[in-house]
Amino acid sequence: MEIDSEKIQQRKLSDYNNLQDERFEIQKEMYRGQQYSQIYFARLHLMRTLLYSLAPTWKPHLPVCKVLGLEEGKECIIVGTLFKHMKLKPCVLDEYSKERSVTPLVKPHNFMHPDDHLILEDESGRVKLAGSALSPAIYVTGVVVALHGKETSAGEFFVEDVLEAGLPPQIERPFELKENKYVVLLSGLSIGSSLANPLQFQLLVDHITGHLGDEKEAAQIVHVVIAGNSVEFPRKLISGQNLASKDQSTLYEPIKELDIMLNQIAAGVSVDIMPGLNDPANFALPQQPLNRCLFPGSAPYNTFRSCTNPHSFDVDNIRFLGTSGQNIDDLDKYSEAKSKLDFVERTLRWRHLAPTAPNTLGCYPFTDRDPFLIETCPHVYFVGNQDKFDNRLIKGPEGQLVRLICIPKFCETGIAVAVNLRNLECHTISFSIQLS
Amino acid sequence: MATTAKNMKGFYKQTKNKITGGISKSKPSSSRKVSPKHAATQGSDAAQPAALISHGSVDLNDDYNKEEEMLRQFDMNIAYGPCLGMTRLDRWERALRLEMNPPKEIERLLKTGKVQQDCLWQDEAEALYKHSRAIESHNLVSSSHPGLLC
């Protein structure tokens, strides 16, 4: 039989490393009964050192003081952690209170209320914030900012101006790469759910591995990242009762299917899989990598990597940073914005991936560091499991250039995102199956 | 009977009580006054937090010396953050890493091993933690646990 004489396309090569992910791993951490005050302290201290260094260039003539050092009428700068007092925020004590007038029976998607107000807190004390410079609708508990203002006779701090940490410094992007190389981002496969269409995912896998006939395009894909919610377990089986062996194998089906597909991808291109909210990983952020035992077919490949959530990696010296969406979804519950990208941009300007952790987002109680602080600006910042695809290019004051991407759920939209390493542009790859 | 000031001090300051089993800690046990409890008796004590059980005598002079005083000042210094949930040495090392220049005296003292490695209230906090875990395990046994991985 004559072998096809067309030239076999070689997949493009690229350098990869994910050394930054070390800070998201908790194997070395030991729980000694510590509370979340430790992580808040670490966050405040590190951010405050940073803001103190920025304050002189911002408002050089003003003194900086602590909350306890506030004097009435004295204009100064204070730095602390914001706390947003929210009327509708679900509180565990509500279960014990007799009257339930404020808490509605139906859980709202968003817990905002016009009466929400902000408080600034540091280790010496807290002060209520007044004035319209700081909008409670935008800020959430856990953000560290510097505020310029003065104490009023009512004992509140009237805010005149706000200083956020701003975009962190960025490593310079390597000079123009000659060729187009793509990193494919997808999330929300939800294999095992009724929404997921196995044919759609199979088409995507075939496209990436070049079996759909477009080898030239597929050869330009150098890396694939799956950002969370890859499986969905049948909820009715998880009821705490012992499972019959038939049910046990039904429970395991989605993971088996995922492994088969990942095997196909890993055989051709390097792939990272991140855990999401519905995946069999720990609940609190940072989520630890999915166990390699779940992927007996794919794990032997050195192109297969099980990663943490959040996940940070470099491809050809282009820094990627991303999460499976829990941080942005939580911001959506406690603040508002015109688009999800606004939330993403805010987390970058606040230099913190998940400011609402540990307040409303589960988090490991670190004692000596806050791993969610963004120290170097990524070139691509992605968030998975969003409702629709969206992207934005933002520029920083020091020449930083970041592509923000909201990856839509694949099971609902059939859309994956491809980012071009050469120019940080991104486009969608969408698959739809219409059976007429 | 009215509590005199002396008794109040005794009320707050208890000799350390270590319940064997449970969370293992990497601490030199020689530095603590230990009255180890056999595992068999753990059940009855787990029902009451150690804070409510005062053990041993009121030792005003032993611990209350200059070195302990210096360490307590270190514990109470807010600049170095909360003291609960960390050993003093870990907190000192954190302060060092965060570039707060903690006094080297403290590190020297802590490394001699002759002083308490935890802050004063650590044991009460731990006792409460173990107490709540005991309650939790009771609940786990009696009701179904819906989590897939926990």
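## Sheet and helix packing in chain A

Strand β17(A) and strand β18 (residues 426-430) of chain A are paired in the antiparallel sense, with five bridges between them. The model in which this pairing is seen is a predicted one. β17(A) and β18(A) together form a hairpin with five residues between them, and within the turn A:L424 has a positive phi of about 60 degrees. Strand β17 itself, which spans residues 415-420 of chain A, is mostly covered, since five of its six residues are buried.

On the sheet, β17(A) also pairs with strand β8 (residues 182-186) of chain A, and these two strands run antiparallel and are joined by four bridges. The table gives residues that stand opposite one another in these pairings.

| Residue | Partner residue | Strand of the partner |
|---|---|---|
| A:V419 | A:C426 | β18(A) |
| A:V417 | A:T428 | β18(A) |
| A:Y182 | A:N420 | β17(A) |

Both pairings belong to an open sheet of six strands, in which the order is β11-β10-β9-β8-β17-β18 (chain A) and the pairing is mixed. Its edge strands are β11 (304-306) and β18 of chain A, each of which pairs on one side only. From one strand to the next, the twist averages 20 degrees. Helix α4(A) packs on this sheet, where it touches β9 (221-227), β10 (270-274) and β11 of chain A, and the direction of α4(A) makes about 145 degrees with that of β10(A).

A helix-helix contact also involves α4(A). Two packed helices are described by the angle between their axes and the distance between the axes. Which values describe helix α2 and helix α4 of chain A? The axes of helix α2 (residues 198-209) and helix α4 (residues 245-266) of chain A come within 9 Å and cross at roughly 15 degrees. Because angles under 35 degrees count as roughly parallel, α2(A) is described as roughly parallel to α4(A). The crossing of α2(A) and α4(A) is right-handed.

On the side of α2(A), the contact is made by A:P198, A:F201, A:Q202, A:V205, A:D206 and A:T209, while α4(A) contributes A:E257, A:M261, A:Q264 and A:I265. By residue class, the contact of α2(A) with α4(A) divides into five nonpolar, three polar and two charged residues.

Taken together, α4(A) packs on the sheet through contacts with β9, β10 and β11 of chain A, and residues of α4(A), among them A:M261 and A:I265, take part in the contact with α2(A).

Technical notes:
Residues numbered from 1 in each chain as written. Chains lettered and ligands numbered in written order. Predicted model: local features only at pLDDT ≥ 70, side-chain atom pairs only at ≥ 80, totals over all residues. Heavy atoms only, no water. Axes fitted to C-alpha atoms, helices over the stretch in contact; angles between N-to-C directions. Parallel < 35°, antiparallel > 145°, perpendicular 65-115°, else oblique. Left-handed = near helix turned anticlockwise from the far one by under 90°. Contact = heavy atoms within 4.5 Å. Nonpolar A, V, L, I, M, F, W, Y, C, P; charged D, E, K, R; others polar. Buried < 20%, exposed > 50% of the residue type's maximum accessible area, 1.4 Å probe, protein only. Pairing = 2+ DSSP bridges.
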